[in-house]
Amino acid sequence: MKILGIAGSTRKEKQSGVYTLVQTVLENTGCEYELISLKGKKISGCIACLGCVKDNICKVEDDLTELRVKVVEADAYVIGAPNYYSTLNAITHAFLERWFQFRHQEGDTLWGKLGVAVGVGGTSGQFPADEIEKFFAYNFIETVAKVTGQGAASCFSCGYGETCKVGVPHMLYGEGVKITEEMIPNVNEQPEVMKAAVDSGKLLGQRLGKEHDRIQVTQKMQQKFMEMLEGSA
Ligand SMILES: Cc1cc2nc3c(=O)[nH]c(=O)nc-3n(C[C@H](O)[C@H](O)[C@H](O)COP(=O)(O)O)c2cc1C
């Protein structure tokens, strides 16, 4: 069983809460995995050219072209994204949007696989985690767990964080804030978040270790997807 991990942050690995959490989930699965950072990659959104409708292969050539085979071969995904404007950041959205290529001619490439959704935000990571779960649902991938944490907003290190009235330090600590190392959110220092990442990895490993019945998961997710659509109608 092989798991593909995608860290959708564009920040350096050491600075990124998303990277830390995706890596922690993967390390605890007990399965073979590959972790890919989207930092520095050029991936455009779907351009609706319909070049993929016959063969389920996207014809846009960019850094997703070589990632496609890894998506196809994985049995499960751990995908994480930062919260930008209360949704996914653009590159993770583009990466997932391009999975449109798998949704033609009853293409079942992704159906019945498993996923863990990870979100990190300056205040909350819930929005991106929920969005990733939605993308999983569109592909009948079951989200077995979601992990969310609070990361370091750039405002803590941009140089203007103590005076900027629209920055996160001002928002969280008010007028006259003095930035200290301790107040900068770091997922490594959020025990409940790290535990959730460890537990999610173990759960994903267990689910893959047992007889993972993709047909059964597909049927369950098709039902859930219909309920999701009905709920939003
Ligand atoms: C353009 C931009 C928009 C952002 N918007 C939000 C937001 O709406 N809500 C939030 O909680 N954090 C927001 N953030 C903060 C990031 O989510 C936060 O820095 C997070 O730690 C990034 O993930 P990373 O540490 O893996 O890079 C924003 C950051 C940027 C650069």
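**Group meeting: helix α1, the core and the ligand shell**

Let's start with α1. Of its 11 residues, 10 are buried, so this helix is largely enclosed by the rest of the structure. Keep in mind that we are looking at a predicted model.

Which residues of α1 are buried? They are Gly17, Val18, Tyr19, Thr20, Leu21, Val22, Gln23, Thr24, Val25 and Leu26. And what covers them? The cover includes strands β1 (2–7), β2, β3, β5 and β6, together with helix α6 (191–209).

Now the core. Nonpolar side chains tend to be buried together in soluble globular proteins. Here the largest nonpolar core holds 50 residues, and those touching the most other members are Leu21, Val22, Val25, Tyr77, Val78, Val118 and Val147. The elements giving two or more residues to this core are β1, α1, β3, α3, β5, α4, β6 and α6. Which of them gives the most? That is α1, with 6 residues.

Take Val118 as an example. Setting aside neighbours within four places in sequence, Val118 contacts Val18, Leu21, Val22 and Val25. On the same basis, Val118 also contacts Val78, Ile79, Gly80, Ala129 and Val147.

Next, the ligand. There are 19 residues around it, and Val18, Pro82, Gly121, Gly122 and Gly151 come nearest. Three elements give two or more residues to this shell: α1 (17–27), β3 (76–84) and β5 (114–121). The top contributor is β3, with 3 residues. Val18 turns up again here: it is one of the buried residues of α1, and it is among the residues nearest the ligand. By class, the shell has 7 nonpolar residues, 11 polar and 1 charged.

Now some backbone details. Most residues other than glycine have a negative phi. Two residues here are worth a look. Ala48 is not a glycine, yet its phi is positive, about 55°. Ala48 sits in the loop between β2 (32–37) and α2 (64–73). The other is Phe140, also not a glycine, with a positive phi near 55°. Phe140 lies in the loop between α4 (126–138) and β6 (142–150).

Buried or exposed? Ala48 has 7 other C-beta atoms within 10 Å, so Ala48 is exposed. Phe140 has 22 other C-beta atoms within 10 Å, so Phe140 is buried. The cut-off for buried is 20 or more.

One more loop residue: Gly107. Gly107 is in the loop between α3 (90–97) and β5. With 16 other C-beta atoms within 10 Å, Gly107 counts as partly exposed. Beyond its neighbours within four places in sequence, Gly107 contacts Asn56 and Phe102. How far is Gly107 from Leu26 in α1? C-alpha to C-alpha, 27 Å in space, and 81 residues in sequence.

Finally, the whole chain. The protein has 7 helices and 6 strands. Along the sequence, the pattern is β-α-β-α-β-β-α-β-α-β-α-α-α. The radius of gyration is 18 Å, close to the 17 Å from the globule rule for 233 residues, so the protein is as compact as a globular protein of that length. Along the principal axes, the C-alpha atoms fill a box of roughly 60 × 40 × 35 Å. Of the 233 residues, 41% are buried.

And the contacts? Among those with a separation of 6 or more, 75% join residues 24 or more positions apart.

Methods:
Residues numbered from 1 in each chain as written. Predicted model: local features only at pLDDT ≥ 70, side-chain atom pairs only at ≥ 80, totals over all residues. Near = placed C-beta within 6 Å. Helix = DSSP H or I, 4+ residues; strand = E, 2+ residues; numbered from the N terminus. Nonpolar A, V, L, I, M, F, W, Y, C, P; charged D, E, K, R; others polar. Buried ≥ 20, exposed ≤ 12 C-beta atoms within 10 Å, placed from the backbone. Contact = placed C-beta atoms within 7 Å. Core = buried A, V, L, I, M, F, W, Y, C linked by C-beta atoms within 7 Å. Rg over C-alpha atoms; globule rule 2.2 N^0.38 Å.
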